[in-house]
Each structure stands twice: as structure tokens, then as C-alpha cells.
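Work through these exercises with the structure open beside you. Try each task before reading its solution.

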Amino acid sequence: MSPAMDSMRSAGRRGLKLAPVAALLASVAALLLGNGLLGTLLIVRAGQEGFSSGAISAMMSFYFAGFTIGALMLPRIIVAVGHVRTFAGFAAIASMTALLHVALVEPIAWIPLRLITGFAYAGMILATESWLNAHAVPSTRGQLLSIFGVVSMGSWAIGQALLNVAPPADMTLFLIVSLLISAAVVPITLLPSHPPAQVTQERVAFSDLVRASPLAAAGAFLAGLAIGGFWGMGPNFAQRIGLDVGGISAFMAAVLGGTLLLQWPLGWLSDRVSRNLVIAAAALASAAAAVGVALAVGAPLPLLLAAGALFGGFGIPIYSLCLAVANDDLPAGRLLGTARGLLLLNGIGTAAGPLIGGAAMTIAGPGGLFLYAAALLAILAVLAIGSSQPRRRIHAKAARSPSTPMITGSLDVMICMESETEAARH
């Protein structure tokens with residue numbers, strides 16, 4: 001192999017290669033600032049408008065239902081029109097639906113609007129995850145996905161603070177949401193960015209996904225059930241154990257803060273040791289912390305916050321780790337189909353989680369929500385310990401060197417062509 005190609009291969013092996021996806025990460029940050037604000041704003045505004053608890057629960061369920069439907073239907077759109085146009089199109093839809101919430105303040109209108117919003121966000125997240133995977137190499141995939149998770153969680157957290165900018169009863173916050181979602185389109189359309197090469201994408205059946213990576217499939221679903229239960233019922237848990245508004249906010253912030261602290265270290269570790277063992281350790285630690293939360297309902301607030309931080313810090317990154325496991329030994333043409341399958345499994349779990357978690361709280365009291373999550377995470381830890389570690393290829397797989405959208409060949413193909421040329425010369 002020529003020195004030039006050898007240097008290219010070495011370059012593909014080292015570093016996170018953030019430059020090709022920097023614009024994408026900036027777009028994701030703006031997008032999730034808006035989504036983080038909108039999710040909280042709608043619940044607060046719905047309470048002020050006198051929506052029933054059933055209507056509010058239906059709004060949440062329909063969002064996740066739309067998200068799940070989108071994960072099932074949208075990969076073909078990404079293949080047909082490309083990652084950039086898919087992201088921009090669904091961002092426009094999400095921006096419009098945010099404003100329609102202000103124009104139509106009725107449960108019968110908000111429920112389908114949440115369905116549409118979930119569908120749009122599924123398209124944008126599916127595009128971003130497959131885009132990131134296409135730029136990653138096995139030695140840094142966990143770190144890159146973890147950085148994506150940190151950007152996502154950080155933006156979501158800041159979005160909560162924006163709730164204090166104006167009264168929820170005004171239209172100002174809805175305008176801010178729409179502006180943020182629209183702003184998300186600017187970086188990937190006007191700044192230099194490097195979308196994935198237009199490779200042929202194969203459909204990945206669930207049976208194929210389970211056979212290729214049973215741990216990733218089970219982990220995405222079980223993590224959705226456990227963490228989805230928390231996202232849906234966590235504030236209600238805090239309220240039922242007697243926390244005031246400040247305490248509820250502190251508890252939710254502690255869970256998110258733990259995620260921000262541990263997301264990247266877990267990804268970094270998974271790039272250096274068996275991802276299976278990292279998933280098992282994270283699931284077991286999160287399960288132990290969940291039990292701690294359930295037992296700390298009457299304890300001083302700092303102890304409850306510490307347990308919550310460990311629960312989120314170890315539990316929320318599990319989905320990203322499962323995504324990295326599934327993509328460790330796949331050709332470029334199966335990345336999008338795999339992302340779709342895992343997103344769908346996680347979406348189903350997340351949609352069902354609040355319903356099952358609520359039932360657990362009815363049976364066992366507020367702490368039942370976390371005992372339920374602990375049981376699921378413990379099962380996942382056992383599965384991870386018993387699973388075999390996929391073989392990681394050390395060369396860049398569908399990873400792009402800095403390029404323009406005009407260059408559609410992957411680094412793998414270039415290396416193979418060079419190898420064949422060298423062999424022909426000799």
C-alpha cells in the first residue's frame with residue numbers, strides 16, 4: 001500500500017473526527033433547546049388551561065407513538081432525499097406545530113400535534129444518529145455517540161431554564177421554541193458540513209438485528225422501558241413523596257446532571273474494553289442506584305439527589321452504548337437500518353414505560369417506579385454478562401475523511417481500490 005493511503009488509514013483510526021459533524025452537533029443543540037423547552041411548557045400550560053390528567057398523559061403517549069411510527073417509516077425518506085434535506089424538512093414541520101399549539105389551545109388539537117411532533121423528531125434523530133455512525137470508526141464510536149448524548153442532554157437542560165423567560169400563558173415561549181427549531185437548520189445548510197456518502201441502504205429486519213446483536217436489541221428495549229418510566233413519571237414520583245416545586249426541579253436536574261458527568265466517560269471506556277462489560281456495569285450500577293432512590297424517599301434531600309444522579313448517570317447512556325455495540329461490525333449499508341430498528345425498539349419501550357411505571361407506583365407506592373426500573377436494569381446486566389463481544393474491525397468503516405458532498409466513496413472503498421492496484425502492479 002502506498003504511503004499516502006497508509007497515512008489516510010492512520011488518520012481514519014485516530015481522533016474523534018469532530019470537524020465533519022460539528023455543524024450537525026450545533027444544529028442538534030439548537031433543536032433540543034427548543035424541544036426541551038416545549039415539552040415542559042406544554043405540561044405547565046395544559047395544567048393552567050385545566051386539561052385533565054388523562055389528556056396530559058395522552059399527549060405524552062401520542063408523542064412517543066409518533067416517534068415510534070417515524071422510526072418505522074422514515075429511513076426510506078433519508079435514503080431518497082439525503083440526511084440534510086430530511087433534517088431540514090422535519091425541522092420545518094416541528095417549528096410549525098410548535099406555533100399551532102398556541103393557535104389551538106384544546107386537548108383535541110394538542111394530542112394530534114404531539115403525534116406529528118414525535119414523528120418529526122424521529123426523522124431528525126434517525127438522520128443525526130446514522131450521520132454520526134457513518135463518520136465514526138469502531139475505536140471512537142462510543143466517544144462520538146457519548147458527545148452527541150452530552151450535547152443532547154445539555155441542550156435539554158438549558159431548555160428547561162428558558163421556561164423562566166416569559167409566563168407560560170403568553171405566546172412568547174412558543175415563539176422562542178419555533179425560533180430555536182428553525183435556527184437548527186442554519187448550521188447544516190449554510191456552514192461547511194460533510195453528510196455521509198450516498199451508499200445503498202439495506203433494510204434490516206428485526207430478526208436480523210436480534211441475530212446480529214441480541215444485546216443491543218434487548219438493551220434498547222429494556223432501557224426504553226426503565227428510563228421511559230422515569231421520564232414519564234419522575235416528576236409525579238417527586239411530587240408524591242412530598243417535594244415542593246424547587247425539590248422536584250432539583251431531583252430532575254440531579255438525574256440529568258449525573259448523565260452529563262458520566263455519558264462521555266462511559267463511551268470512552270467502552271472504546272477501550274468490552275462494550276458488553278461496560279453495559280453490564282452501567283446497568284447494574286443504575287439498578288443499585290434505583291433501589292437507593294426507592295429507599296431514600298424519606299431521607300434527606302441530598303441523599304435522594306445523589307442516588308438520582310447515579311441512576312441517570314449510569315442508566316441514560318445505555319442506549320448509546322447499545323447503538324455502538326450494534327454498529328461495531330456492520331457494513332455502511334446497514335447502519336441506517338440498524339439505527340431505525342434500535343430507535344423503534346427504544347421508542348416502544350419508552351412509550352410503554354410510563355404506563356407500566358405508573359402501575360408499579362399504584363401497587364408499591366411512589367418507590368415502585370424505581371424498583372420496577374431496577375428489575376429491568378438488573379435483567380439487562382445479566383444479559384450483557386452472558387453475551388459475546390462482537391468483533392471490532394480496526395479499519396474505518398464508512399468513515400469519511402474531510403470531504404465535500406460531491407465525494408461519495410467511502411474510505412474503505414478507496415483503501416480496497418488502492419490495495420487492488422498495488423497487487424496488480426506486483
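The exercises below move from the whole chain to single residues. The model is a predicted one.

**Exercise 1. The whole chain**

Task: Find how many helices and strands the chain has, and what share of its residues is buried.

Solution:
- Step 1. Go through the secondary structure. There are 18 helices and zero strands.
- Step 2. Turn to burial. Of the 426 residues in the chain, 54% are buried.
- Step 3. Look at the surface. About 16,900 Å² is exposed, and carbon and sulfur atoms supply 71% of this area.
- Step 4. Check the contacts with a separation of 6 or more. Residues 24 or more positions apart account for 85% of them.

**Exercise 2. Two helices side by side**

Task: Determine how helix α5 and helix α8 are oriented to each other, starting from their axes.

Solution:
- Step 1. Locate the helices. Helix α5 covers residues 83-103, and helix α8 covers residues 172-183.
- Step 2. Take the axes. They come within 8 Å and cross at roughly 175°.
- Step 3. Classify the angle. Angles over 145 degrees count as roughly antiparallel, so α5 is roughly antiparallel to α8.
- Step 4. Name the contact residues. On α5 they include Ala91, Ala94, Ala98 and His101; on α8 they include Phe174, Val177 and Ile181.

**Exercise 3. A histidine in helix α5**

Task: Decide whether His101 is buried or exposed, and list what it touches beyond four places in sequence.

Solution:
- Step 1. Place the residue. His101 is found in helix α5.
- Step 2. Read its relative accessible area. The value is 0%. Buried means under 20%, so His101 is buried.
- Step 3. List the partners, not counting residues up to four places away. His101 touches Leu42, Trp110, Leu113, Arg114, Thr117 and Phe174.

**Exercise 4. The salt bridge**

Task: Find which residue forms a salt bridge with Arg45, and compare the burial of both partners.

Solution:
- Step 1. Recall the principle. Side chains of opposite charge can pair when their charged atoms come close.
- Step 2. Count. The chain gives one salt bridge.
- Step 3. Identify the pair. Arg45 pairs with Glu49, and their closest N and O atoms are 2.9 Å apart.
- Step 4. Compare accessibility. Arg45 has 8% and is buried, whereas Glu49 has 39% and is partly exposed.

**Exercise 5. Two buried small residues**

Task: Describe the surroundings of Gly219 and Ser286.

Solution:
- Step 1. Place both residues. Gly219 is in helix α11, residues 214-240. Ser286 is in helix α13, residues 275-295.
- Step 2. Check burial. Gly219 is buried at 0% relative accessible area. Ser286 is buried, with a value of 0%.
- Step 3. List contacts, leaving aside neighbours within four places. Gly219 is in contact with Cys322 and Leu380. Ser286 is in contact with Leu310, Phe311, Phe314, Gly315 and Leu377.
- Step 4. Add a distance. Gly219 and Ala384 are 165 residues apart along the chain, yet their C-alpha atoms are separated by 8.4 Å.

**Exercise 6. A nonpolar surface patch**

Task: Name the residues that form a nonpolar patch with Trp264.

Solution:
- Step 1. Place Trp264. This residue is in helix α12, residues 245-270.
- Step 2. Check exposure. Its relative accessibility is 34%, so Trp264 counts as partly exposed.
- Step 3. Complete the patch. Trp268, Leu269 and Val273 join Trp264 on the surface, with about 330 Å² of accessible area together.

Technical notes: Residues numbered from 1 in each chain as written. Predicted model: local features only at pLDDT ≥ 70, side-chain atom pairs only at ≥ 80, totals over all residues. Heavy atoms only, no water. Patch = residues over 30% accessible without salt bridge, like charges linked within 9 Å, V, L, I, M, F, W, Y side chains within 5 Å. Areas by Shrake-Rupley, 256 points an atom, 1.4 Å probe, with all protein chains shown as cover. Salt bridge = Lys/Arg side-chain N within 4 Å of Asp/Glu carboxyl O. Helix = DSSP H or I, 4+ residues; strand = E, 2+ residues; numbered from the N terminus. Buried < 20%, exposed > 50% of the residue type's maximum accessible area, 1.4 Å probe, protein only. Axes fitted to C-alpha atoms, helices over the stretch in contact; angles between N-to-C directions. Parallel < 35°, antiparallel > 145°, perpendicular 65-115°, else oblique. Contact = heavy atoms within 4.5 Å.
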